[in-house]
Amino acid sequence: MIVVSDTTPLISLLKINRTDLLEKLFGDVLIPQAVFDERFQLEADQIRQKKFIVAKPVNNPESVSILKRATGLDQGESEAIVLTDELKADLLLMDEAKGRNVSAQMGLRIMGTIGILWQLMRNMN
């Protein structure tokens, strides 16, 4: 399963020290390289220690720019959506409503932090 994550689900799980849940559910989780470079200043060391979180650059930065301008999404959300589309990923982890709406319109499968926790609970039963 190919899973791409935006910033918020990772930070939410970092705050409660439970990023291990991502590995349990999905194995490797990809994040756009620019999201890692720009957004994880304080959390960068913690993220680097997680071998299952892999930073990956988007292949077409122009697509990111167009998506940003057309939707008003931020750089991280736009890159996560474009990377998900480029990789034909099975799932995009994203919490922000506007980004989720754009992703849904593109036909991408989305799950947020609450969905991650819900899925874990379902797997435990």
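Is K88 buried or exposed in this model? K88 is exposed, because its relative accessible area is 63%, and anything over 50% falls in that class. Keep in mind as you read that the model is predicted.

**The overall build**

Let's start with the whole chain. The protein chain contains eight helices and five strands. Going along the sequence, they come in the order β-α-α-β-α-α-β-α-α-β-α-β-α. The radius of gyration is 14 Å, close to the 14 Å that the globule rule gives for 125 residues, so the chain is as compact as a globular protein of that length. Its C-alpha trace spans about 40 × 30 × 20 Å along the principal axes.

How much of the chain is buried? Buried residues account for 45% of the 125 residues. The accessible surface of the chain adds up to about 6,800 Å², and 50% of that belongs to carbon and sulfur atoms. As for charge, there are 15 positive and 17 negative side chains, with the centres of the two sets 4 Å apart.

Contacts also reach along the sequence. Taking contacts between residues at least 6 apart in sequence, 61% join residues at least 24 apart.

**Two nonpolar cores**

In soluble globular proteins, nonpolar side chains tend to be buried together. Here the largest nonpolar core has 19 residues, and L22, F26, L93 and I116 are the ones with the most contacts inside it. Which elements feed this core with at least two residues each? They are α1, α2 (20–26), β2 (29–32), β4 (91–93) and α8 (113–124). The largest share, four residues, comes from α2.

F26 gives a good view of how this works. Setting aside residues up to four places away in sequence, F26 touches M1, V3, L91, L93, M111 and I116. There is also a second, separate core of 15 residues, with V58, A80, L83 and A89 among its members.

Helix α1 covers residues 7–15, and its buried residues include T7, P9, L10, I11, L13 and L14. An α-helix has 3.6 residues a turn, so residues three or four places apart point the same way.

**Three buried residues to click on**

M94 sits in the loop between β4 and α7 (97–105). Its neighbours beyond four places in sequence are D6, P9, E77, A80, I81, G99, R100, S103, I110, M111 and G112. M94 and Q75 are 19 residues apart in sequence, and their C-alpha atoms are 13 Å apart in space.

One of those M94 neighbours, E77, belongs to helix α6 (residues 75–87). Leaving out residues within four places in sequence, E77 is in contact with D6, M94 and E96. D6 also appears in the M94 list.

L30 is in strand β2. Not counting residues up to four places away in sequence, L30 touches I2, V3, V4, S5, V54, K56 and L87. L30 and A89 are 59 residues apart in sequence, yet 9.6 Å apart in space, C-alpha to C-alpha.

Here are the accessibility values for these three and for two loop residues.

| Residue | Relative accessibility | Class |
|---|---|---|
| M94 | 0% | buried |
| E77 | 8% | buried |
| L30 | 16% | buried |
| N17 | 61% | exposed |
| K88 | 63% | exposed |

The cut-off for buried is under 20% relative accessible area, so L30 at 16% counts as buried.

**Two residues with positive phi**

Most residues other than glycine have a negative phi. Which phi does N17 take? N17 has a positive phi of about 55 degrees although it is not a glycine. You'll find N17 just after α1, in the loop between α1 and α2. N17 is exposed, at a relative accessible area of 61%.

K88 brings us back to the opening. Its phi is near 55 degrees, a positive value in a residue other than glycine. K88 lies in the loop between α6 and β4, and its relative accessible area of 63% makes it exposed.

Methods: Residues are numbered from 1 along each chain as its sequence is written. This is a predicted model: local features need pLDDT of at least 70, side-chain atom pairs count only at pLDDT 80 or more; totals for chains, interfaces and linings use all residues. Side-chain values use heavy atoms; hydrogens and water are left out. Buried means under 20% relative accessible area, exposed over 50%, partly exposed in between (1.4 Å probe, protein chains only). A nonpolar core is a set of buried Ala, Val, Leu, Ile, Met, Phe, Trp, Tyr and Cys residues joined through side-chain atoms within 4.5 Å. Contact means heavy atoms within 4.5 Å. The radius of gyration is taken over C-alpha atoms; the globule rule is 2.2 Å times the number of residues to the power 0.38. Accessible areas come from the Shrake-Rupley method with a 1.4 Å probe; for residues, only the protein chains shown count as cover. Lys and Arg count as positive and Asp and Glu as negative; His and the chain ends are not counted. The place of a charge is taken as NZ of Lys, CZ of Arg, CG of Asp or CD of Glu.
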